[in-house]
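Visitor: Hi! I've just opened this one and would love a quick tour. Could you pull it up for us?

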Amino acid sequence: MLVMLELCIRLKKEHPLTSTTRRSFEDLDVNYFWRWSSYSDYIKCLVTMTTVIAALTYLLVDNSSYIELIGTLSLCTESTLALPQLLQNYSTGTTQGMSVKMVMLWFLGDSFKTLYFVVRDAPLQFLMCGSIQTLVDILILYQVVSYKGKEREK
């Protein structure tokens with residue numbers, strides 16, 4: 001992922017329509033979070049976040065509430081990974097270029113994972129996040145079917 005990120009930043013710099021305003025991690029401007037000008041800014045952010053989380057986890061490893069919190073946040077983050085794709089499809093009114101096979105595999109994997117959580121009587125947050133993932137997959141599949149062969153009016 002870091003190699004892909006570096007490639008995207010390099011290509012963006014070479015693109016003639018790119019803004020010349022330099023954005024930096026040190027600016028701490030939430031409007032430009034994760035839209036920085038330099039690859040090193042992304043590395044600084046990742047190192048900072050990793051260091052802070054590692055230090056907190058080291059200090060709070062015996063605190064069950066903290067462990068539950070980071071576990072739940074991790075599950076919620078994973079459950080919304082396909083959400084940007086769903087929103088992008090909606091805003092453009094097309095799923096052109098998407099692999100239907102890939103979305104079907106997402107759906108199958110998330111469905112089986114959620115079923116596993118039910119059968120194994122996993123904690124509620126696992127079932128909820130698995131259900132969210134499956135729902136997003138279904139909505140993307142719906143978009144594939146409903147947008148097929150037409151562009152939505154803007």
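Visitor: Which residues make up the largest nonpolar core?

Guide: Happy to help, and keep in mind that this is a predicted model. The largest nonpolar core has seven residues: Ala82, Leu86, Met98, Val103, Val136, Ile140 and Leu141.

Visitor: Which helix gives the most to this core?

Guide: That would be helix H6, spanning residues 124-147, with three residues.

Visitor: And what does Leu86 touch, leaving out residues up to four places away in sequence?

Guide: Leu86 is in contact with Val136, Leu139, Ile140 and Gln143. There is also a second, separate core of six residues, with Leu5, Ile9, Phe25 and Trp36 among them.

Visitor: Back to helix H6 for a moment. Is Gln133 buried or exposed?

Guide: Gln133, which lies in helix H6, is buried, because its relative accessible area is 9%, under the 20% cut-off. Not counting residues up to four places away in sequence, Gln133 touches Glu78, Ser79, Asp110 and Lys113.

Visitor: How far is Gln133 from Gly109 in space?

Guide: Their C-alpha atoms are 9.7 Å apart, and the two residues are 24 apart in sequence.

Visitor: New topic: how many disulfides does the count come to?

Guide: Zero.

Visitor: Why is there no bond from Cys8 to the closest cysteine sulfur?

Guide: The closest cysteine sulfur to that of Cys8 is in Cys45, 16 Å away, so it is too far for a bond. A disulfide needs the sulfur atoms within 2.5 Å.

Visitor: Are those two cysteines buried or exposed?

Guide: Cys8 is partly exposed at 47% relative accessibility, while Cys45 is buried at 2%.

Methods:
Residues numbered from 1 in each chain as written. Predicted model: local features only at pLDDT ≥ 70, side-chain atom pairs only at ≥ 80, totals over all residues. Heavy atoms only, no water. Core = buried A, V, L, I, M, F, W, Y, C linked by side-chain atoms within 4.5 Å. Buried < 20%, exposed > 50% of the residue type's maximum accessible area, 1.4 Å probe, protein only. Helix = DSSP H or I, 4+ residues; strand = E, 2+ residues; numbered from the N terminus. Contact = heavy atoms within 4.5 Å.
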